[in-house]
Amino acid sequence: MKAFTFKKYGEASVLNMQELPKPTPKSNEILVRVIATSVTAGDWRIRSGKPFAIRLFAGLFKPKNPVLGHEYAGVVEQVGEEVKGWKQGDKIFGGTGLESGTYSEYMLIDSDKAMEKIPEGVSFEEAAVVPVGYMTAYDFLKKVNVKPNMKVLIHGISGSVGSAILQLLKLENAHVTGVCSSKNANWVKRMGADKVIAYDLEDLESNLENYDLIVNAVGKTSFQELKHCLVSTGVYIAIDAAGSDYVDWAKGKILKDSRQIILGIGNQYQEDLSRIQKLLAKGFIRPHIDRIYTFEELPAAHDYVQKGRKAGNVAIRVENSDPFFSQSFSNSAQGFGLDTKVGS
Ligand SMILES: NC(=O)c1ccc[n+]([C@@H]2O[C@H](COP(=O)([O-])OP(=O)(O)OC[C@H]3O[C@@H](n4cnc5c(N)ncnc54)[C@H](OP(=O)(O)O)[C@@H]3O)[C@@H](O)[C@H]2O)c1
């Protein structure tokens, strides 16, 4: 089978296509024929080995796992003898958590990882880009008492996580303002944002109001920069925390600040993915896909994502012979967002 591997940290050119033996599942594992995967912001950071702290779990001197990739959509090829609930031919999608291994025509996944059936009408590419963005969004939002009409600011609303948070908040009828550049304003509004501040055309400061919840979704701001527009009982979520956010988090705990700071790593839970899958099936959420690359183009996809300007998600088509793929591909390629009035 073909797989992209990297043996050392560095530029996208360290990713090389290789022939590897097709693996055999252990008793609790599932062998998945990968149809689509993604390139996430985390993928290129791990590939580059920067910041250095990333190597504490990815491998100190060289990558522990030569096969990257953290989310997938595909078809169950074979199941281990103790696996329950899944059988050959099931179309599934899921996340690998802190492990990796989806840049491959076949991959093994522990059956206790979060995975779900791909709903009817959802393409493999769409399903493949859901787990990281939406499970992260869901895990952080669970820690907040989201109420109708709550005023929210999402700084970096056009990223994978930012746009997932937007869609989940609109289901609760929150009032969402997003910050992104003008090139992304239209699809973000179609996805349900009540107001967009285009940072390249407008003055951010003079457009800010008071918010009950502020989300730093792509690490281009901090609690220090935005705390003046957070209400006294408000919550600040840092998906990609600034260094000062950690200091402010610790200070807040010691001084018992009425404003709450939530940061850290979003965990992937089966029950969260099951709820997300139901929302997908009902058409209440849909990931925004910026580009779809072929498997061979994976290093180019890394270069693109590394620029930090992707709109929503970047999918990789690992295999394109499936009829379901060709039928739904045209939808994804248009990069549609949900023209939402969901929840209202
Ligand atoms: N904590 C966790 O568990 C967790 C989980 C997943 C991801 N993450 C992290 O979360 C971050 C976001 O990832 P992502 O995939 O959603 O997005 P991303 O690929 O890191 O960011 C892309 C988006 O950032 C926007 N952007 C760039 N500069 C901006 C600025 N100055 N102001 C506002 N927006 C700006 C771009 O929009 P424009 O082109 O319009 O500027 C683009 O849409 C990453 O650092 C990732 O590693 C953390």
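The C-alpha centres of domain 1 and domain 2 lie 28 Å apart in this predicted model. Domain 1 is made of two segments, 2-129 and 287-333, and domain 2 covers 134-262, according to the domain assignment of the chain. Contact between the two involves 10 residues of domain 1 and 13 residues of domain 2. The UniProt record, an unreviewed entry, lists residues 10-316 as "domain: Enoyl reductase (ER)". Over that range the chain is 29% helix and 26% strand. The C-alpha atoms at the two ends of residues 10-316 are 20 Å apart.

Helix packing was examined next. Two packed helices are described by the angle between their axes and the distance between the axes. Helix α4 spans residues 130-141, and helix α5 spans residues 160-171. Their axes come within 8 Å and cross at roughly 55 degrees. This angle makes α4 oblique to α5, because angles outside the parallel, antiparallel and perpendicular ranges count as oblique. The crossing of α4 and α5 is right-handed. On the α4 side, the contact is formed by Gly-133, Tyr-134, Thr-136, Ala-137, Tyr-138 and Leu-141. Helix α5 contributes Ser-160, Val-161, Ala-164, Ile-165, Gln-167, Leu-168 and Leu-169. By class, the contact of α4 with α5 has nine nonpolar residues, four polar residues and no charged residues.

Helix α4 also packs against helix α10, residues 270-281. Here the angle is about 110 degrees, and the axes are 10 Å apart. Helices α4 and α10 are therefore roughly perpendicular to each other, since the range for that class is 65 to 115 degrees. The crossing of α4 and α10 is right-handed. The α4 residues in this contact are Val-130, Tyr-134, Met-135, Tyr-138 and Asp-139. Their partners in α10 are Asp-272, Leu-273, Arg-275, Ile-276 and Leu-280. Seven residues of the contact between α4 and α10 are nonpolar, none is polar and three are charged. Tyr-134 and Tyr-138 of α4 take part in the contact with α5 and in the contact with α10.

A further helix pair joins α1 and helix α11, the latter covering residues 298-306. The axes of α1 and α11 come within 9 Å and cross at roughly 105 degrees. Helices α1 and α11 are therefore roughly perpendicular to each other. Ala-41, Asp-43, Trp-44 and Arg-47 represent α1 in the contact. They meet His-302, Val-305 and Gln-306 in α11. The contact of α1 with α11 divides into three nonpolar, two polar and two charged residues.

Backbone geometry was then considered at two loop positions. The peptide bond from Lys-50 to Pro-51 is cis, and its omega is near 0 degrees. Pro-51 belongs to the loop between α1 (41-48) and α2 (55-58). Asn-149 has a positive phi of about 65 degrees, although this residue is not a glycine. The loop that holds Asn-149 runs between α4 and β8 (151-155).

Lys-87 occupies another loop, between β4 (71-79) and β5 (91-95). Beyond its neighbours within four places in sequence, Lys-87 is in contact with Val-76 and Val-79. Lys-87 and Glu-202 are 115 residues apart along the chain. Their C-alpha atoms are separated by 53 Å.

Definitions and conventions. Residues are numbered from 1 along each chain as its sequence is written. This is a predicted model: local features need pLDDT of at least 70, side-chain atom pairs count only at pLDDT 80 or more; totals for chains, interfaces and linings use all residues. Side-chain values use heavy atoms; hydrogens and water are left out. Axes are lines fitted to C-alpha atoms, for helices over the stretch in contact, and angles run from 0 to 180 degrees between N-to-C directions. Helices (H or I, at least four residues) and strands (E, at least two) are DSSP runs, numbered from the N terminus. Angles under 35 degrees count as roughly parallel, over 145 as roughly antiparallel, 65 to 115 as roughly perpendicular and the rest as oblique. A crossing is left-handed if the near helix is turned anticlockwise from the far one by less than a right angle, and right-handed if clockwise. Contact means heavy atoms within 4.5 Å. Ala, Val, Leu, Ile, Met, Phe, Trp, Tyr, Cys and Pro count as nonpolar, Asp, Glu, Lys and Arg as charged, and the others, Gly among them, as polar. UniProt positions are given in the numbering used here, feature names are shortened, and annotations may be inferred rather than shown by experiment. Domain bounds come from an automatic or database domain assignment.
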